[in-house]
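Open the model in a viewer with the ligand shown and the side chains drawn as sticks. The stops below go from the ligand outwards to the pockets, the cavities and a few backbone details.

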Amino acid sequence: MTVTFEPDADWLVYLANPRKPDYVLPTGAVDAHCHVFGPGSVFPYAPERKYTPVDAPKDKLFALRDFLGFERNVIVQATCHGADNRALVDALLAAGDRARGVATIRPGVTRAELADMHAAGVRGIRFNFVRRLADPKPDAYYRGLVDLIAEFGWHIVIYFEAPDLAERWDLFTHLPTTIVVDHVGRPDVTQPVDGPGFALFRRLMHEHENVWAKLSGAERLSVSGPPGYDDFVPFARHIARTFPDRVIWGTDWPHPNMKSHMPDEGDLVDLIPRIAPTDDLQRRLLVGNPMRLYWERDAS
Ligand code: 0GY
């Protein structure tokens with residue numbers, strides 16, 4: 001029997017026809033943060049999910065990749081699929097060498113399951129501390145998962161709200177892998193870049209050379225809003241200039257849980273030269289760094 005899912009009543013759907021960006025991406029650019037959802041009739045959403053999205057299948061993602069001018073995707077497992085990574089793996093296998101993945105795993109995952117995910121292109125796992133998305137666990141839970149992935153050379157993506165950083169500081173600063181922080185650590189962009197609110201995240205990156213940042217999430221964090229997302233730009237630009245070898249960028253398509261508006265990916269891509277103002281910074285952000293992290297570390 002085919003299961004059908006009713007999306008949340010207030011769910012905003014990705015744009016069918018985004019505009020072509022003015023900014024021309026460098027050859028080999030990677031969209032290093034995006035998702036696939038379902039289709040739910042083939043890859044059912046997880047019973048423990050906190051939201052039910054509109055399907056956002058792999059063919060739509062690949063069409064967007066080609067339209068915007070990206071060469072590759074890093075597809076990140078979203079919480080609506082829990083630790084059932086089948087939709088992710090299906091997309092990775094269909095994309096061939098043009099995609100890598102970040103999975104969600106739970107205790108009890110077998111070595112064979114991890115090896116299969118590695119063969120499909122998974123190179124990391126994600127820990128999600130955002131309470132509206134997942135139920136946070138004690139630190140020991142995450143440390144146990146780290147032990148499971150060690151032999152595969154995977155890294156860890158962490159997603160948290162800015163206030164969580166102080167609470168989880170000990171965990172985050174003692175993880176033995178590369179750590180990638182989603183959406184610049186979700187700063188309050190109404191505050192100054194050099195103010196106390198963003199200081200702890202800046203300190204995290206200054207003191208820990210294994211910590212990277214995703215300069216994504218303008219549409220989530222901005223209060224000034226589209227198309228320029230002006231208040232977000234200084235935060236991302238500060239991190240890009242200070243840590244040019246530890247930053248990556250992504251569209252965050254299909255933009256789950258957006259309530260204020262649905263962004264146009266053309267606007268998001270046009271932020272890139274404002275975040276990374278030189279050709280050199282853009283090539284590191286979009287090509288060199290994500291390639292190093294996801295394609296050139298194959299521990300198979
Ligand atoms: C994002 C952000 C969100 C959702 C998820 O895994 C997820 O469900 O990450 C969010 O709602 O902020 O990066 O996609």
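A polar contact here is a pair of N or O atoms within 3.5 Å. The model is predicted, and every distance below is computed from it.

**Stop 1: the ligand and its contacts**

Select the ligand, then Tyr159. A polar atom in the side chain of Tyr159 is 2.6 Å from a ligand oxygen. The protein covers 100% of the 350 Å² of accessible area that the ligand has on its own. Add Tyr51, where a polar side-chain atom is 2.5 Å from an oxygen atom of the ligand. Then add His35, which has a side-chain N or O atom 2.6 Å from a ligand oxygen.

Now widen the selection to the residues around the ligand. There are 16 of them, and His35, Tyr51, Thr79, Arg132 and Tyr159 come nearest. Coloured by class, this shell shows 5 nonpolar, 6 polar and 5 charged residues.

**Stop 2: the cavity that holds the ligand**

Hide the ligand and look at the space it leaves. Which cavity does the ligand take up? It is the largest cavity, one of 3 cavities of 30 Å³ or more. About 110 Å³ of space lies in the largest cavity. Its lining has 15 residues, with His35, Arg126, Leu133, Tyr159 and Pro256 closest to the centre. By class, the lining of the largest cavity has 5 nonpolar, 6 polar and 4 charged residues.

**Stop 3: the second largest cavity**

Select Leu215, Ser216, Gly217, Ala218, Glu219, Phe232, Trp249, Gly250, Leu268, Leu271 and Ile275, which line the second largest cavity. The space inside the second largest cavity is about 40 Å³. Its lining residues divide into 7 nonpolar, 3 polar and 1 charged.

**Stop 4: the largest pocket**

Turn next to the open spaces. The largest pocket has a volume of about 390 Å³. Of its 20 lining residues, Thr79, Thr104, Arg106, Ala134 and Lys137 lie nearest the centre; Thr79 was also among the residues that come nearest the ligand. Show strand S4 (122–128) and helix H4 (139–149) as cartoon, since each supplies at least two residues of the lining of the largest pocket. The lining of the largest pocket comprises 8 nonpolar, 5 polar and 7 charged residues.

**Stop 5: the second largest pocket**

Keep Thr104 and Arg106 selected: both also appear in the lining of the second largest pocket. Among the other residues to add are Ala83, Asp84, Asn85, Arg86, Val89 and Met117. Helix H2 (86–95) and helix H3 (111–120) are the elements that give two or more residues to this lining. Which helix gives the largest share? H3 does, with 3 residues. The volume of the second largest pocket is about 210 Å³, and its lining has 5 nonpolar, 2 polar and 5 charged residues.

**Stop 6: backbone details**

Display the backbone atoms of Gly38 and Pro39. A cis peptide bond joins the two, with omega about 5°. Pro39 belongs to the loop between strand S1 (30–34) and helix H1 (58–68).

Go on to Trp253 and Pro254, where the peptide bond is also cis, with omega near 0°. Pro254 sits in the loop between strand S8 (247–248) and helix H10 (265–269).

End at Arg186. Its phi is near 50°, a positive value in a residue other than glycine. Arg186 is found in the loop between strand S6 (179–181) and helix H7 (196–207).

Definitions and conventions
Residues are numbered from 1 along each chain as its sequence is written. This is a predicted model: local features need pLDDT of at least 70, side-chain atom pairs count only at pLDDT 80 or more; totals for chains, interfaces and linings use all residues. Side-chain values use heavy atoms; hydrogens and water are left out. A residue is near a molecule or strand if one of its heavy atoms lies within 4 Å of it. A polar contact is a pair of N or O atoms within 3.5 Å; within protein, one must be able to donate a hydrogen and the other to accept it, and residues adjacent in sequence count only if both atoms are side-chain atoms. Accessible areas come from the Shrake-Rupley method with a 1.4 Å probe; for residues, only the protein chains shown count as cover. On a 1 Å grid over the protein atoms alone, a cavity is a set of points where a 1.4 Å probe fits but cannot get out, and a pocket is an open set with protein on both sides within 12 Å along at least five of seven lines; lining residues have an atom within 4 Å of a point. A molecule sits in a cavity or pocket if more than half of its atoms lie within 2 Å of its grid points. Ala, Val, Leu, Ile, Met, Phe, Trp, Tyr, Cys and Pro count as nonpolar, Asp, Glu, Lys and Arg as charged, and the others, Gly among them, as polar. Grid points are joined across faces, edges and corners, and a volume is the space filled by probe spheres set on the points. Helices (H or I, at least four residues) and strands (E, at least two) are DSSP runs, numbered from the N terminus.
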